[in-house]
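Subject: A structure for you to look at

Hello,

Here is the structure I promised to pass on. Please open it next to this email, and I will go through what turned up.

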Amino acid sequence: MVVAFDGDQIAGGVLGYIATVENETHGYQRGWADSVFTRRPWRRRGLAGALLGHCLVVLRERGMTSAQLDVDTENPADALTLYVRHRFESDRASSEWQKALRA
């Protein structure tokens with residue numbers, strides 16, 4: 001995990017991890033750069049991009065040859081733009097379904 005602080009306040013972070021079993025099962029060296037977040041007071045300052053970039057460097061230093069993340073393409077903070085800027089490409093799309101449960 002990469003976390004940025006401003007004094008004693010957490011400004012943002014990225015959960016980077018390596019799913020070793022998944023990599024062994026599929027025969028690749030892929031790291032995850034998931035759950036990228038920047039708290040509102042620190043948005044639009046380049047922090048998320050810097051955190052994501054640092055996470056990708058760490059994954060590469062640990063032997064990963066690719067990185068993956070999940071994104072809500074309708075994210076109101078326009079997260080998709082950040083990932084495209086870092087040259088992530090869409091691999092597949094999925095949808096989320098909901099159903100209200102009545103008592």
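In which strand is Ser35 found? Ser35 belongs to strand β3. Before more on that residue, please keep in mind that this is a predicted model.

How far to trust it

The mean pLDDT of the protein is 91, and 100% of the residues score at least 70. Among the elements, helix α1 (residues 20-26) has the highest mean pLDDT, 97, while helix α3 (residues 79-85) has the lowest, 85.

Two positive phi angles

Back to Ser35: its phi is near 55°, a positive value in a residue other than glycine. Ser35 has a relative accessible area of 48%, so it counts as partly exposed, a class that runs from 20% to 50%. Arg44 also has a positive phi, of about 65°, although Arg44 is not a glycine. You will find Arg44 in the loop between β3 and α2 (47-61). With a relative accessible area of 71%, Arg44 is exposed, because the cut-off for that class is over 50%.

A buried arginine

Strand β3 (residues 30-38) also holds Arg30. Arg30 is buried, yet it has no salt bridge. The nearest side chain of opposite charge belongs to Glu22, and it is 4.4 Å away. A salt bridge needs a distance within 4 Å, so this pair does not qualify. What Arg30 does have is polar contacts made by its side chain: one with the side chain of Gln68, at 2.6 Å, and one with the side chain of Tyr28, at 3.4 Å.

A nonpolar patch on the surface

Finally, have a look at the outside of the model. Met1, Val3, Phe5, Ile10, Leu15, Tyr17 and Phe37 make a nonpolar surface patch of about 640 Å². Two elements, β1 (2-6) and β2 (9-18), each give two or more residues to this patch. Strand β2 provides the largest share, with three residues.

Ile10, one of the patch residues, lies in strand β2. Why can Ile10 be part of a surface patch? Its relative accessibility is 36%, which makes Ile10 partly exposed, and patch residues need over 30%.

If you want a place to start, try Arg30 with its contacts to Gln68 and Tyr28, then turn to the patch that includes Ile10.

Enjoy exploring, and best wishes

Technical notes. Residues are numbered from 1 along each chain as its sequence is written. This is a predicted model: local features need pLDDT of at least 70, side-chain atom pairs count only at pLDDT 80 or more; totals for chains, interfaces and linings use all residues. Side-chain values use heavy atoms; hydrogens and water are left out. Patches are made of residues with over 30% relative accessible area and no salt bridge: like charges are joined within 9 Å, nonpolar side chains (Val, Leu, Ile, Met, Phe, Trp, Tyr) within 5 Å. Accessible areas come from the Shrake-Rupley method with a 1.4 Å probe; for residues, only the protein chains shown count as cover. Helices (H or I, at least four residues) and strands (E, at least two) are DSSP runs, numbered from the N terminus. Buried means under 20% relative accessible area, exposed over 50%, partly exposed in between (1.4 Å probe, protein chains only). pLDDT is the predictor's confidence in each residue, from 0 to 100. Lys and Arg count as positive and Asp and Glu as negative; His and the chain ends are not counted. A polar contact is a pair of N or O atoms within 3.5 Å; within protein, one must be able to donate a hydrogen and the other to accept it, and residues adjacent in sequence count only if both atoms are side-chain atoms.
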